[in-house]
Amino acid sequence: MPETPFTVELPDGTVRQCYSPSSIVHKYFSRGETMPVSEFLTKARAALTKASERVEAKFGFACSGATASLATIEAWGATLKPEDPVKIIQI
């Protein structure tokens, strides 16, 4: 369950670093992929929830890093329009 950071580019060119405690994010995102913010948020919620569940299954507690990462993503995602494009530039 290796940590898997991923990097996204927002519509204004801002780059955001994101954190996942698990490589499960590869099932949700691909390098170079572009999607609307609404889709990105849905996938990020699912991926980071699964990642935290994997940590909990292995160690007996949920991953606070995944929770914090999702909260950060939700915060900047809320400042964008649902149709704005987000690009996965690194994973």
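Throughout these close-ups, a residue is buried if its relative accessible area is under 20%, exposed if over 50%, and partly exposed in between (1.4 Å probe, protein chains only). This is a predicted model, so local features need pLDDT of at least 70 and side-chain atom pairs count only at pLDDT 80 or more, while totals for chains, interfaces and linings use all residues. Residues are numbered from 1 along each chain as its sequence is written, and side-chain values use heavy atoms, with hydrogens and water left out.

**View 1. Helices α1 and α2 pack against each other.** Helices (H or I, at least four residues) and strands (E, at least two) are DSSP runs numbered from the N terminus. Two packed helices are described by the angle between their axes and the distance between the axes. Here the axes of α1 (residues 37-59) and α2 (residues 64-77) come within 9 Å, crossing at roughly 170°. That crossing makes α1 roughly antiparallel to α2. On the α1 side, V37, F40, L41, A44, R45, L48 and S52 make the contact; their partners on α2 are A66, S69, L70, I73, E74, W76 and G77. By type, the contact residues split into 9 nonpolar, 3 polar and 2 charged. For the angle, axes are lines fitted to C-alpha atoms, for helices over the stretch in contact, and angles run from 0 to 180 degrees between N-to-C directions. Under 35 degrees counts as roughly parallel, over 145 as roughly antiparallel, 65 to 115 as roughly perpendicular, and the rest as oblique. Contact means heavy atoms within 4.5 Å. Ala, Val, Leu, Ile, Met, Phe, Trp, Tyr, Cys and Pro count as nonpolar, Asp, Glu, Lys and Arg as charged, and the others, Gly among them, as polar.

**View 2. Helix α1, its length and its buried residues.** With 23 residues at 1.5 Å apiece, α1 should span 33 Å, and its end C-alpha atoms are 32 Å apart, which agrees. (The expected span is 1.5 Å times one less than the number of residues.) The buried set in α1 is V37, F40, L41, A44, A47, L48, A51, S52 and V55. Their cover includes β1 (6-9), β3 (34-36), α2 and β4 (85-90). Right after the helix comes G60, with a positive phi near 90°.

**View 3. A62, in the loop between α1 and α2.** A62 is partly exposed, at 42% relative accessible area. Setting aside residues up to four places away in sequence, A62 touches S52, V55 and E56. F40 is another story: A62 and F40 are 22 residues apart in sequence and 22 Å apart in space, C-alpha to C-alpha.

**View 4. A71, in helix α2.** With a relative accessible area of 47%, A71 is partly exposed. Its C-alpha atom is 9.5 Å from that of R45, 26 residues away along the chain.

**View 5. Two cysteines, C18 and C63, in no disulfide.** Searching the whole structure turns up 0 disulfides (a disulfide being a pair of cysteine sulfur atoms within 2.5 Å). For C18, the nearest cysteine sulfur is that of C63, 14 Å away. C18 is buried at 5% relative accessible area, and C63 is buried at 10%.

**View 6. G32, in the loop between β2 (15-18) and β3.** G32 counts as partly exposed, at 42% relative accessibility. Not counting residues up to four places away in sequence, G32 touches K87 and I88. From G32 to T67 is 35 residues in sequence and 25 Å in space, C-alpha to C-alpha.

**View 7. P2, in the segment before β1.** Ignoring neighbours within four places in sequence, P2 is in contact with P21, S22 and S23. P2 and H26 sit 24 residues apart in sequence, with 12 Å between their C-alpha atoms.

How values were computed:
A disulfide is a pair of cysteine sulfur atoms within 2.5 Å.
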